[in-house]
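Here are a few friendly notes to read alongside the model. Keep the structure open as you go, and try to find each place for yourself.

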Amino acid sequence: VLYFRVVKLSLNTGSSRYDVALGSGLLATAGSLISTQLKQRRCAIVTDKNTEPLFAKQLHQSLTTSGIEPILLTIPAGEQSKTLAQAGSLCDQMLAAKLDRESLVIGMGGGVVGDLSGFVAAIFQRGIPHVQIPTTLLAMVDSSIGGKTGVNTSAGKNLIGAVHHPALVIDDIDVLRSLPEREFRQGFAEIIKHGIIADAQMFEELKGTSASKLSADPEKNKALIELIRHNIEIKASIVKKDELDRTGDRALLNFGHTVGHGIERAGDYKKFLHGEAISLGMIAAAEVSIKRVGLSRIHRDAIVDVLHRFGLPTQLPKDFPRDEILGALKFDKKFQRGQIRFVVTPKIGSARLSGEVTLDDIRDAVDKL
Ligand SMILES: NC(=O)c1ccc[n+]([C@@H]2O[C@H](COP(=O)([O-])OP(=O)(O)OC[C@H]3O[C@@H](n4cnc5c(N)ncnc54)[C@H](O)[C@@H]3O)[C@@H](O)[C@H]2O)c1
Ligand SMILES: [Zn+2]
């Protein structure tokens, strides 16, 4: 078992420090991990219809063995569960079960469960501890770290939320075994993103590998554990610099996301998974970077190669409604004045915000996809 401490995160209202337990076989020890670190003895497990039958029994057992009394709250799987109504319903069920200020919330699932359960933990009785047990690669390397929690509204994604850091994160790589191949692969989009914006050496190493499924051989899984650990550290170090998203440092994590979000939206959130859309968005951002900050063609090609190697899309289908990708941006007044913050990379391993990128730059880049 690999056990390590994430770097200290400092909030302006105090400071937040939490452990990430990362390794194999951790679900069975979740109860003791939680009970040795936290004093709460009653909790709600929030999970979804897919993860519940896979892992809830084991988690439940591990908790009760350690003297923690859980109630199980299962939500429908998918983004459509990330709503205020769902958060309200979870709070109501927790109140009905007499959970109180001395209880905690465990989110066991992908980013949807993590964001929703974290938001519930942030608002229930004005805030109770949140334990994240991410079960997707994306949630392990991205959404479970950084404290952003929230829900969607009809006006857009993640518009209501709170910064509420987890009290503990438990990453058991064994749970990834049941993750559908496509879901596994999309997690690598954020890993590759971390390489592009912050770590040229990791990017270099990714060039020689590919998305390998979890192996029966524990030795081979060490590489995956190492990769997850390294990416948690990258994300945490960026978040630490700019916890509340004010200075622009944290915004660098949005590399590829301007166009990526446009692609997700244009595909009605059905054609592409988030990581797949971000893969295309990063290629567009690389193209813009060539024009605006002198990214070399060689680096741009290397980005495309790595994404391709990990089975991520590098081209838009011919019949894709390209015009709609820029739809939302076009109406953005800030953008028309050239003030939008677009993340560019002058060379692999570094990124910065540019206020000079125009809608035409982006249109040209999308046309090349
Ligand atoms: N808070 C943040 O900083 C942050 C960062 C990135 C993304 N997000 C959010 O994360 C969400 C996406 O997360 P996601 O990609 O994990 O999606 P998800 O939670 O919808 O999970 C993807 C699918 O895999 C299933 N699943 C999860 N774990 C499984 C397992 N081990 N075996 C089999 N099936 C499993 C889920 O039921 C779901 O159907 C979005 O809502 C996004 O906004 C948040
Ligand atoms: Zn993302």
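The points below start with the ligand and then turn to two pairs of helices.

1. Please keep in mind that this is a predicted model. The values in these notes were computed from it, so to speak, atom by atom.

2. Start with the surroundings of ligand 1. How many residues surround ligand 1? There are 27 of them, and the closest are D48, E79, G111, T135 and T136. Sorted by class, this shell holds 10 polar, 9 charged and 8 nonpolar residues.

3. Next, zoom in on some polar contacts of ligand 1. An oxygen atom of the ligand has a polar side-chain atom of N50 at 2.8 Å. With G111 the partner belongs to the backbone instead: a polar backbone atom of G111 is 2.7 Å from an oxygen atom of ligand 1. K148 also takes part through its backbone, where a polar atom lies 2.9 Å from a nitrogen atom of the ligand.

4. Is ligand 1 mostly covered or mostly uncovered by the protein? On its own, the ligand has 870 Å² of accessible area, and the protein covers 87% of that. Several elements each give two or more residues to the shell: the helices α2 (51-65), α4 (111-123), α5 (137-143) and α6 (181-198), together with the strand β8 (156-163).

5. Two of those helices, α2 and α4, contribute to the shell and are worth following further. Helix α1, residues 30-37, packs against α2 at an angle of about 45°, and their axes are 7 Å apart. What does that angle make the pair? Angles from 35 to 65 degrees fall in the oblique class, so α1 and α2 are oblique to each other. Their crossing is right-handed.

6. Now look at α4 and its partner. Helix α3, residues 84-96, packs with α4 at about 55°, with 10 Å between the axes. This pair is therefore oblique as well: α3 and α4 are oblique to each other. As for handedness, the crossing of α3 and α4 is right-handed.

How values were computed: Residues are numbered from 1 along each chain as its sequence is written. Chains are lettered from A and ligands numbered from 1 in the order in which they are written. This is a predicted model: local features need pLDDT of at least 70, side-chain atom pairs count only at pLDDT 80 or more; totals for chains, interfaces and linings use all residues. Side-chain values use heavy atoms; hydrogens and water are left out. A residue is near a molecule or strand if one of its heavy atoms lies within 4 Å of it. A polar contact is a pair of N or O atoms within 3.5 Å; within protein, one must be able to donate a hydrogen and the other to accept it, and residues adjacent in sequence count only if both atoms are side-chain atoms. Accessible areas come from the Shrake-Rupley method with a 1.4 Å probe; for residues, only the protein chains shown count as cover. Helices (H or I, at least four residues) and strands (E, at least two) are DSSP runs, numbered from the N terminus. Ala, Val, Leu, Ile, Met, Phe, Trp, Tyr, Cys and Pro count as nonpolar, Asp, Glu, Lys and Arg as charged, and the others, Gly among them, as polar. Axes are lines fitted to C-alpha atoms, for helices over the stretch in contact, and angles run from 0 to 180 degrees between N-to-C directions. Angles under 35 degrees count as roughly parallel, over 145 as roughly antiparallel, 65 to 115 as roughly perpendicular and the rest as oblique. A crossing is left-handed if the near helix is turned anticlockwise from the far one by less than a right angle, and right-handed if clockwise.
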